[in-house]
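Good morning, everyone, and thank you for making room for me today. I would like to walk slowly through one structure, so please have the picture open in front of you.

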Amino acid sequence: MASVCASVAVGDPCGLLLGNAGSRRWHQRASASDSSYGVPFGISLRPCTRPCSGPLPSLRSSSDKNVKRSTFFRGGGQEFAEEHRQSKRWIRPVVARTDNGSDTQKEGDDRGEHQSPEAREPEGKGQEQAGFVWKSNWYPVIPVQDLDESVPHPFEILGRKVVIWFDREFAQWRTFTDVCPHRLAPLSEGRIDENGCLQCCYHAWSFKGDGSCTRIPQARPDGPEIRAVSNTRATSFPTTIAQGILFIWPDEHGFELAEKTPPPITPQHDGPEWETVVTFRDVDYGWDTGMENLLDPSHVPVAHHMVNGGSLGKRDDAQPLSIEIKEFSQQGFNGPWGRVGGPPQFLEFEAPTRTTYVFSIGGQAMGTTTTYVTPTAPGGSRVLISNGRKAFAMKAMTSGPKWWQISPRWWDHQKMLNLLDGDESLLHGQERLLRESTNGQIEKWNQAFFMPCAADRFVSAFRQWLNRHGGKNVQWADGVDPSLPPLIKNKELLLDRYESHTKHCKVCSKALQNFRIARQALYILAAVLVGVAPLLQVWSHRIPLVVAAGISAFLAWRLGDWIQMFYYKGYDHARIP
Ligand code: FES
Ligand SMILES: [Fe+2]
């Protein structure tokens, strides 16, 4: 299988800059800045000043995904480039060259634009070589520790409605189509019966983990209809768990291939010295919009200005970035990036769902942010964020199994939701405007976008990957209308947290319940204290009770804000100074 690799130098301002500036030459004379740059997403690192070293990522051009999954990178632009140049693993490497044939170009050099992977490979070539089948991939759904085993959970993937439930007999999570074979009631409305089977709520037919029907209460034991029990099956999908995340393979005929294909995990997170926190949210923008956003490091300090106390940066941190595309193939792309003149960090996109930012200090990977986008339906996705921390100080900041990791898990979830609030309000609109601007042909993105800066290079690479290898858009399940749902103008609906996270999350649901109980208890306590105080004979004895009642009422009132956080918090770009 042929693959393409594009190599351009760190700091090259022009390679992969397409947009509607594609016919012109754009050159950026950026200077290094000492100001810090917000690091996505939820990790702050001080930039290292020493040269980086260490093995670097390589997406192999093999179709063997086992080979690709061994990818591991932890810093060092020069080593990366050297390994890349010497690599013989690429079947048909194509190096983007400058006009004079060199494969490098310095920042500010005005010799001309690099040819992008798009330019080096004719349109449509990827389709011939690729045959990228969307349903033949693992898609992440949810951290398994956030799933309640006692009830079935509805989900949607590539436009197909499914139900995820825990099979007690085999202690495994299962995924079925969310349709009862009897009369099509949604199985997700059902329950787990006394035998641990999934029972439909309409007529109580029950199904085992392999999909077979175990019980039809309406069938007479001696009647011919009893044969229907053995002839009836629910449709099931491959389901697995890796790094604490539940993955679904949305092809009921794909069990064999799924078994041979490891899910898209973050290689670093397998190390024993790493701690990770994973959370998720359903968002009202589609897969391509979400993935484009994740591959755009320059938006972070702007769109997430002052989020979580400014840990992601502030608007003033926006500055020129250097981005390289090192390897580009059907399986994704990767490369170093960073502020101009600063130490490089690394980004990898593993198609179709995973992006991983690796943040290094002194050549050692210290933190990662993996973000997945799972296409649920047109105009909708599930986003999962998995933050990995290695250093003690960083791990101490988050929830975990160690005694010193006191941050509760629901708090980490809320911090991640704060982050996603900043994106959702703008991406929901941007997605529709791109489709309007291109008459629904998003493969013509370069006629709509204007991207003169190197900071957008990963975005260009992503859109090119989608055109060349991804079939130009998500392949939805048969019969799914690919048009977007209507625009949501109500911001409280758009940034709602209850429907998009809380009700699906065991940890946050429990925290919300506890806060409600605590608030009620505080109000009752305040009322009791106020009621008891007048009964005391001595005035001076009444005062402490009244003060305690006031404190209880105040705390109950403050808890209201915390409870509200599980429903809606909001983020208004115009009102954050
Ligand atoms: S529709 Fe499910 S049992 Fe009747
Ligand atoms: Fe949660």
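Let me begin with a single pair of residues: Phe176 stands opposite Ser236, which belongs to strand 9. Before I go on, please keep in mind that what we are looking at is a predicted model.

The strand that pairs with strand 9 here is strand 4, residues 172–177, and the two run in the antiparallel sense, with 2 bridges between them. They belong to an open sheet of 4 strands, whose order is 2-3-4-9 and whose pairing is antiparallel. At the edges of this sheet we find strand 2 (153–157) and strand 9 (236–237), and because each of them has a single partner strand, one side of each is left without a neighbour in the sheet. For those new to the subject, strands of a sheet pair through backbone hydrogen bonds, and they may do so either parallel or antiparallel.

Phe176 has a second role in this talk, since we now come to aromatic rings, of which the model has 25 pairs. In one of them, the ring centres of Trp165 and Phe176 are 5.5 Å apart and the planes stand at 70°, and because an angle over 60 degrees counts as edge-to-face, that is what we call this pair. Trp165 lies in strand 3, residues 160–167, while Phe176 lies in strand 4, so the pair ties together parts that are 11 residues apart in sequence. Trp165 and Phe176 are both buried.

Another pair is formed by Phe349 and Trp465, whose ring centres are 5.5 Å apart and whose planes are at 90°, so this pair is edge-to-face. Here the link is between distant parts of the chain, for Phe349 sits in strand 16 (residues 345–350) and Trp465 in helix 12, 116 residues apart. Are these two residues buried or exposed? Phe349 has a relative accessibility of 0% and therefore counts as buried, and Trp465, also at 0%, is buried as well. Both are members of one aromatic cluster, which includes Trp134, Phe328 and Phe458 among others.

Let us follow Trp465 into helix 12, which covers residues 457–468. Its 12 residues should span 16 Å at 1.5 Å a residue, and its end C-alpha atoms are indeed 16 Å apart, so the two values agree. How many of the residues in helix 12 are buried? The count is 12 of the 12, so the helix is largely enclosed by the rest of the structure. Among these buried residues are Arg457, Arg463 and Arg468, alongside Phe458 and Leu466.

If we follow Phe349 instead, we reach strand 16, which is joined to strand 15 by 6 bridges, the two running antiparallel. One of the bridge partners is easy to find: Trp337 is matched with Gln345 in strand 16. The two strands form a hairpin with 5 residues between them, and in the turn Gly341 has a positive phi of about 85°. Strand 15 itself, residues 332–339, is mostly covered, with 8 of its 8 residues buried.

Strand 15 has further partners, and with strand 14 it shares 3 bridges, again antiparallel. A hairpin connects these two through 2 residues, and Glu327 has Asn334 of strand 15 as its bridge partner. Strand 13 also pairs with strand 15 in the antiparallel sense, over 3 bridges, and there Ile323 stands opposite Trp337.

In the loop between strand 13 (321–323) and strand 14 (327–329) we find Glu324, which is buried because its relative accessible area is 2%. The side chain of Glu324 makes a polar contact, at 2.8 Å, with the side chain of Lys326.

For a contrast, please turn to Ser230 in helix 5, residues 227–231, which counts as exposed because its relative accessibility is 60%.

Let me finish with the chain as a whole. Its secondary structure comes to 15 helices and 19 strands, and of its 577 residues 55% are buried. Among contacts with a separation of 6 or more, 68% are between residues 24 or more positions apart.

How values were computed:
Residues numbered from 1 in each chain as written. Chains lettered and ligands numbered in written order. Predicted model: local features only at pLDDT ≥ 70, side-chain atom pairs only at ≥ 80, totals over all residues. Heavy atoms only, no water. Buried < 20%, exposed > 50% of the residue type's maximum accessible area, 1.4 Å probe, protein only. Contact = heavy atoms within 4.5 Å. Expected span 1.5 Å × (residues − 1). Pairing = 2+ DSSP bridges. Polar contact = N/O pair within 3.5 Å; in protein donor to acceptor, adjacent residues only side chain to side chain. Phe/Tyr/Trp six-rings, centres within 6.5 Å; stacked < 30°, edge-to-face > 60°.
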